[in-house]
Amino acid sequence: MQPEMVSMQIILLASALLVFGVFMNSSSAEDKLVNLTRLQMFVDDLPDMPRIQGFEVVNGVPKPRSFKIGMYEKKWKFHRDLPASTVYAFGTSKRTATVPGPTIEALHGISSFIRWQNNIHSTKHILPWDPTIPTAVASTKKGIPTVVHLHGAIGEPESDGNANAWFTKKFEDRGPTWSKKTYRYINQQQPGNLWYHDHAMGLTRVNLLAGLLGAYIIRNPDVEGPLGLPHGEFDRTLVVFDRAFSTDGSIYMDPTGNNPSIHPQWQPEYFGDAIIVNGKAWPKLTVRRRKYRFRIINASNARFFKFFFTNGLRFIHVGADSAYLGKPVASRDILVGPSEITDVVVDFSESKTNNAILANDAAYPYPSGDPVNEANSKVMKFWILGHSEVDTSRVPEKLIHYPAPELSSASQTRYIAMYEYTSDIDEPTHLYLNAKPYEAPATETPKAGTTEIWNVINLTEDNHPLHIHLGLFVVLDQTDLVKVEEFKDCMTKLNDAVKCQISKYARGNKTEVPAHEKGWKNVFKMRPSAVTKILVRFAYIHSNASYEFDPTAEPGYVYHCHSMGSRVY
């Protein structure tokens with residue numbers, strides 16, 4: 001394959017979600033919030049989201065399939081004792097639409113063609129959004145702009161869900177990079193877990209909060225079948241996120257920004273005390289004493305989760321983000337940032353109790369924010385049946401081996417810096433990558449089929465999950481910065497890590513990459529005041545085949561922080 005230049009546009013880390021009730025000082029605002037201590041936990045059964053087959057079978061042979069999935073405004077019950085909430089939901093009809101949306105099950109090597117239909121007719125969003133940041137706005141002022149990104153997909157840029165490729169109902173209004181009604185997902189990559197969500201400029205944070213997200217799995221039976229992992233009813237996807245609610249059941253966002261004279265509604269994070277799993281707050285699930293596989297997606301806007309079981313059960317990691325690990329890794333807890341996916345097996349036959357609570361112990365904002373409270377420290381409850389049973393599933397000693405990263409193959413070394421800017425009251429006003437806004441020309445133009453080293457320098461005080469579209473990467477090391485303020489001053493003036501002598505400052509403590517995160521990923525948690533070195537691959541990791549599409553086509557690809565409040569879309 002002739003090397004091709006792939007346009008990678010930097011993302012402005014500059015729009016946000018609004019901080020919810022637990023942080024509000026206004027008594028009138030607090031009066032509108034549900035007192036979550038009065039809601040009983042573990043009363044709703046964990047839903048199993050509807051499944052859509054992304055292919056069809058003709059005479060026993062799988063073939064590409066074309067189908068439609070709509071976005072609808074409807075009512076959704078997040079808890080038995082809460083009034084129904086108005087949401088935006090994905091589904092094949094308004095009646096069947098769910099939050100999260102249906103799980104799409106694709107087959108490796110078989111394309112899926114999806115026409116995402118915007119059926120939201122409202123002229124006013126159900127949540128407050130800030131007009132002072134770059135935002136998709138329909139010229140007719142009618143309809144809610146949306147566009148869908150398949151997170152983790154390796155596919156054509158025209159179907160990547162660019163933030164400016166948004167559209168409204170019946171495609172009446174369209175963004176400047178919109179080009180097609182039907183997206184093609186070629187599904188040629190390695191088997192694994194993905195998820196789809198809205199990606200519209202300036203509205204991603206509110207459209208996701210409203211419910212526009214869902215799971216997508218690429219299966220390869222020839223490769224996965226011999227592993228013998230739990231399957232069928234013992235293979236469950238858990239989509240986890242946080243929300244706050246008003247007493248009328250509506251999803252709550254503080255309508256006042258942290259710098260209201262600059263951004264009336266914008267705030268750098270959104271946190272809700274109610275932890276939602278598959279559309280229900282603190283649900284319950286009855287399980288047998290055997291192994292289960294859980295594909296856990298953190299679909300929160302800003303909340304990190306540090307998952308653990310209150311009875312000490314282990315997680316056995318088999319995958320991370322969209323790829324399998326080479327071998328299983330056991331742990332007692334897991335730190336999962338926004339948009340990250342962890343793929344684990346839990347053996348309930350090891351439990352010495354008849355129930356287990358999946359709990360959370362991650363401060364918010366992570367890592368130096370408030371400690372968890374009674375509500376957001378609980379995720380869901382498992383009731384474990386008393387009798388044991390024969391379990392033919394297994395966790396093999398080896399999973400799927402992909403080529404190890406080769407530093408010698410890197411064709412380029414880049415420095416990516418995260419900046420946070422504040423007002424005169426020391427509150428964040430915006431965040432940039434490489435000190436450049438979204439509208440700036442593309443700064444990264446890697447070649448298809450090549451490998452690069454990126455040194456990601458986090459000059460902010462929070463941990464930021466970096467997501468790269470198209471590429472997969474391996475985290476090599478994490479090094480704390482020394483004399484941080486001195487280095488930050490130089491970077492603020494020059495915006496050049498080499499001229500600022502980064503080697504002089506990247507000499508602090510090294511943080512070991514967790515064993516279960518040493519495989520190929522598309523998101524990783526960039527520690528504050530540290531440099532994280534990653535090796536990025538712009539090619540398939542499971543084969544030497546060239547892309548079946550032109551990665552140089554417009555509108556290109558993006559990379560960005562996946563804390564939804566920290567970006568414009």
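This section describes a sheet, two of its neighbouring strands, a disulfide and the internal cavities of a predicted model.

Seven strands make up an open sheet. Their order is β14-β13-β12-β16-β21-β18-β19, and the pairing is mixed. Strands β14 (280-281) and β19 (323-331) form the edges, each with pairing on one side only. At the β14 end, the partner is strand β13 (residues 274-277). These two strands run antiparallel and are joined by two bridges. One residue pair can be named here: I276 has A281 of β14 as its bridge partner.

Further into the sheet order, β12 is followed by β16. The pairing of β12 with β16 is parallel and spans six bridges. Within this pairing, V239 stands opposite I297 of β16. On the other side, β16 pairs with strand β21 (residues 341-347). That pairing is antiparallel and spans seven bridges. Here K291 is placed opposite D347 of β21. The sheet thus holds both senses of pairing, as the mixed label states.

How many residues of strand β16 (residues 291-298) are buried? The count is eight of eight, so the strand is largely enclosed by the rest of the structure. Both of its faces are covered. One side carries K291, R293, R295 and I297. The other carries Y292, F294, I296 and N298. The charged side chains K291, R293 and R295 are therefore among the buried residues of this strand, given that every residue on the two faces is buried.

T237 belongs to strand β12 (residues 235-243). Its relative accessible area is 11%, which is under the 20% limit, so T237 counts as buried. Beyond four places in sequence, T237 touches A215, I217, N278, R295 and I297. Two of these contacts, R295 and I297, lie on one side of β16. Another, I217, is placed in strand β11 (residues 213-219).

I217 is buried as well, with a relative accessible area of 3%. Outside its neighbours within four places in sequence, I217 is in contact with T103, I104, E105, A106, G192, N193, T237 and R295. T237 and R295 thus touch I217, and T237 also touches R295. The three residues are in mutual contact. I217 also comes within 8.3 Å of L107, C-alpha to C-alpha, although the two are 110 residues apart in sequence.

A separate strand pair involves β7 and β9. Strand β7 (residues 112-118) is joined to β9 by four bridges, and the two run antiparallel. I114 stands opposite Y183 in β9. Which face of strand β9 (residues 182-185) is covered? The covered face holds Y183 and Y185. The uncovered face holds T182 and R184. Y183, the residue opposite I114, is thus on the covered face.

The model holds one disulfide. It joins C490 to C500, with an S to S distance of 2.1 Å. The torsion about the S-S bond is about -90 degrees, so the disulfide is left-handed. C490 sits in helix α4 (residues 484-494), whereas C500 sits in the loop between α4 and α5 (502-505). The bond therefore ties together parts that are ten residues apart in sequence. Both cysteines are buried. Another cysteine, C561, also counts as buried, at 0% relative accessibility.

Rolling a probe the size of a water molecule over the atoms shows where empty space is left. Eight cavities of 30 Å³ or more are present in the model. The largest holds about 90 Å³ of space. Its lining has 13 residues, and L150, A153, I154, G155 and Y185 lie nearest its centre. By class, that lining divides into six nonpolar, four polar and three charged residues. Y185 is also on the covered face of β9.

The second largest cavity has a volume of about 70 Å³. Twelve residues line this cavity. Those nearest its centre are E269, A302, F304, N463 and S563. Its lining comprises six nonpolar, four polar and two charged residues.

Note on methods: Residues numbered from 1 in each chain as written. Predicted model: local features only at pLDDT ≥ 70, side-chain atom pairs only at ≥ 80, totals over all residues. Heavy atoms only, no water. Buried < 20%, exposed > 50% of the residue type's maximum accessible area, 1.4 Å probe, protein only. Contact = heavy atoms within 4.5 Å. Pairing = 2+ DSSP bridges. Disulfide = S-S within 2.5 Å. 1 Å grid on protein atoms, 1.4 Å probe; cavity = no way out; pocket = protein on both sides within 12 Å on 5 of 7 lines; lining within 4 Å. Points joined across faces, edges and corners; volume = space filled by probe spheres on them. Nonpolar A, V, L, I, M, F, W, Y, C, P; charged D, E, K, R; others polar.
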